[in-house]
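The paragraphs below follow a few helices through a model and ask how they pack against one another. Please keep the sequence and the coordinates open while reading.

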Amino acid sequence: MRTPVVDELARNRHASAVVAGLVVGCFLTWNVSNVGAAADPLADAYGVSLAVVGLLTTALFVTHLLSQLPAGIWSDRVGPHRVALAACAFGAAGNALLLVDDAIALGIVGRLVVGVGSGAGFVAGLDLVRAGGGGPVLHGVFGGATMAGGGLAVVIVPPLTDATGWRATYAAALVLAVVAAVPTSFVRGVARVGASPRGVLGDRRLLPLGVLQAATFGLAVVAGNWIVPLLERQDVSAALAGALGGLVLLAGIVTRPLGGGLTHRRPAGRALVAGSLVAVAAGALLLASGGPTWVSALGALCLGLAAGLPFAALFEAAQQLRPDAPGSAVALVNACGVLSVLVATPLAGLAFDLPGDGRLAFAAIAALSLLALVALPRVRL
């Protein structure tokens with residue numbers, strides 16, 4: 001039986017571009033979570049606290065954010081395959097630098113370099129899928145691939161570092177960046193926009209899409225970062241809390257492609273996004289309730305599944321709004337989501353010093369998700 005993915009691949013003008021985009025998106029996103037997965041070994045190697053190790057992730061997200069729009073602009077000008085190759089080069093160079101020494105200052109510099117690669121890789125990877133002829137189904141598959149990259153790092157890095165040492169965290173990422181460059185280097189004949197995009201930053205049609213990306217992807221990442229301490233304060237075991245935290249982020253592997261398939265089969269993007277926002281809020285409220293563990297598990301599952309559904313619809317809409325600058329449009333929308341992670345993650349942490357042991361943070365996530373519904377009438381999905 002043919003699936004939407006098979007049908008869409010059959011229609012693609014350049015399947016090699018789609019494959020390259022998926023590989024780049026998956027392999028470079030590994031860097032987003034590999035440090036957190038090896039936090040304790042890295043803290044020992046660098047001789048610092050876990051809080052300082054957290055700066056390595058913050059450093060990556062800073063340049064991950066800053067590289068988005070430049071990557072989109074250059075993807076439109078010179079082609080996404082060239083930007084993807086540059087992203088792989090930054091990913092490889094940054095991880096090579098991280099292997100040199102165990103000085104924390106060098107570690108932060110290396111992660112800043114890697115962040116350029118991961119940020120540009122997301123934008124160029126998704127634009128490669130578009131340029132290859134991919135539609136909402138394959139955009140959703142790309143979203144699932146990026147979630148899989150981060151999820152696989154969480155699973156693979158801990159035993160790898162236990163077996164070989166802290167440098168394995170970066171050595172594996174270096175190898176993946178080099179491997180991702182191989183299919184990208186064979187991409188040929190992909191059309192590029194070629195013009196200098198104008199007015200993307202000031203395009204008010206794109207900003208509501210950015211708000212919706214922040215309210216789904218962004219809030220899910222914030223929730224995933226703080227669900228473990230929230231549940232541990234409710235006497236949930238560390239192992240179970242970690243599993244539920246992973247569920248919030250890894251559920252997108254399934255629902256991002258599913259959302260693309262739903263958009264492809266039945267154009268109902270507005271209802272899909274509205275339902276997702278309500279479900280994210282419901283999941284966050286269940287987590288904020290402080291109820292039994294099964295209630296928290298249901299909340300984590302609901303939040304994680306719902307947050308991934310709008311991915312394909314939002315980025316498909318961004319590219320259709322700006323056919324003259326599809327890479328730049330994707331970059332702006334996703335930058336809103338990344339910015340929300342950078343701003344809201346530390347703010348949510350402050351709630352753990354207030355009454356409620358962090359439950360106020362999840363109540364705020366629910367409120368912000370519902371507030372984002374006001375952006376829906378301003379978008380065309």
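Angles between axes run from 0 to 180 degrees between N-to-C directions, and those over 145 degrees count as roughly antiparallel, whereas those under 35 degrees count as roughly parallel. The model to which these terms are applied here is predicted.

Helix H2, which covers residues 15-37, is the starting point. With its 23 residues, H2 reaches 33 Å from the first C-alpha to the last, close to the 33 Å expected at 1.5 Å a residue. H2 nevertheless contains a kink of about 35°, and this kink is centred on Asn 31.

The axis of H2 comes within 8 Å of the axis of helix H7 (residues 104-131), and the two cross at roughly 150°; H2 and H7 are therefore roughly antiparallel to each other. The crossing in which H2 passes H7 is left-handed. On the H2 side the contact is made by Ala 17, Val 18, Ala 20, Gly 21, Leu 22, Val 24, Leu 28, Asn 31, Val 32, Asn 34 and Val 35, and on the H7 side by Arg 111, Val 114, Gly 117, Ser 118, Gly 121, Gly 125, Leu 128 and Val 129. Divided by class, the residues of this contact between H2 and H7 are 11 nonpolar, seven polar and one charged.

H2 also meets helix H6 (residues 80-98), where the axes come within 11 Å and cross at roughly 30°, which makes H2 roughly parallel to H6. Here too the crossing is left-handed. Val 24, Leu 28 and Asn 31 of H2 make this contact with Ala 84, Ala 87, Cys 88 and Asn 95 of H6, and the residues involved divide into five nonpolar, two polar and no charged. Asn 31, on which the kink is centred, thus belongs to the contact with H7 and to the contact with H6.

Further along the chain, helix H10 (residues 207-232) and helix H16 (residues 326-350) have axes that come within 7 Å and cross at roughly 40°, an angle that makes H10 oblique to H16. H10 passes H16 in a right-handed crossing. The residues that H10 brings to this contact include Leu 207, Gly 210, Phe 217, Gly 218 and Trp 226, while those of H16 include Leu 332, Cys 336, Gly 337, Val 341 and Ala 348. By class, the contact of H10 with H16 has 14 nonpolar, nine polar and no charged residues.

Methods: Residues are numbered from 1 along each chain as its sequence is written. This is a predicted model: local features need pLDDT of at least 70, side-chain atom pairs count only at pLDDT 80 or more; totals for chains, interfaces and linings use all residues. Side-chain values use heavy atoms; hydrogens and water are left out. Helices (H or I, at least four residues) and strands (E, at least two) are DSSP runs, numbered from the N terminus. Angles under 35 degrees count as roughly parallel, over 145 as roughly antiparallel, 65 to 115 as roughly perpendicular and the rest as oblique. A crossing is left-handed if the near helix is turned anticlockwise from the far one by less than a right angle, and right-handed if clockwise. Contact means heavy atoms within 4.5 Å. Ala, Val, Leu, Ile, Met, Phe, Trp, Tyr, Cys and Pro count as nonpolar, Asp, Glu, Lys and Arg as charged, and the others, Gly among them, as polar. The expected span of a helix is 1.5 Å times one less than its number of residues. The bend at a residue is the angle between axes fitted to the seven residues ending there and the seven starting there.
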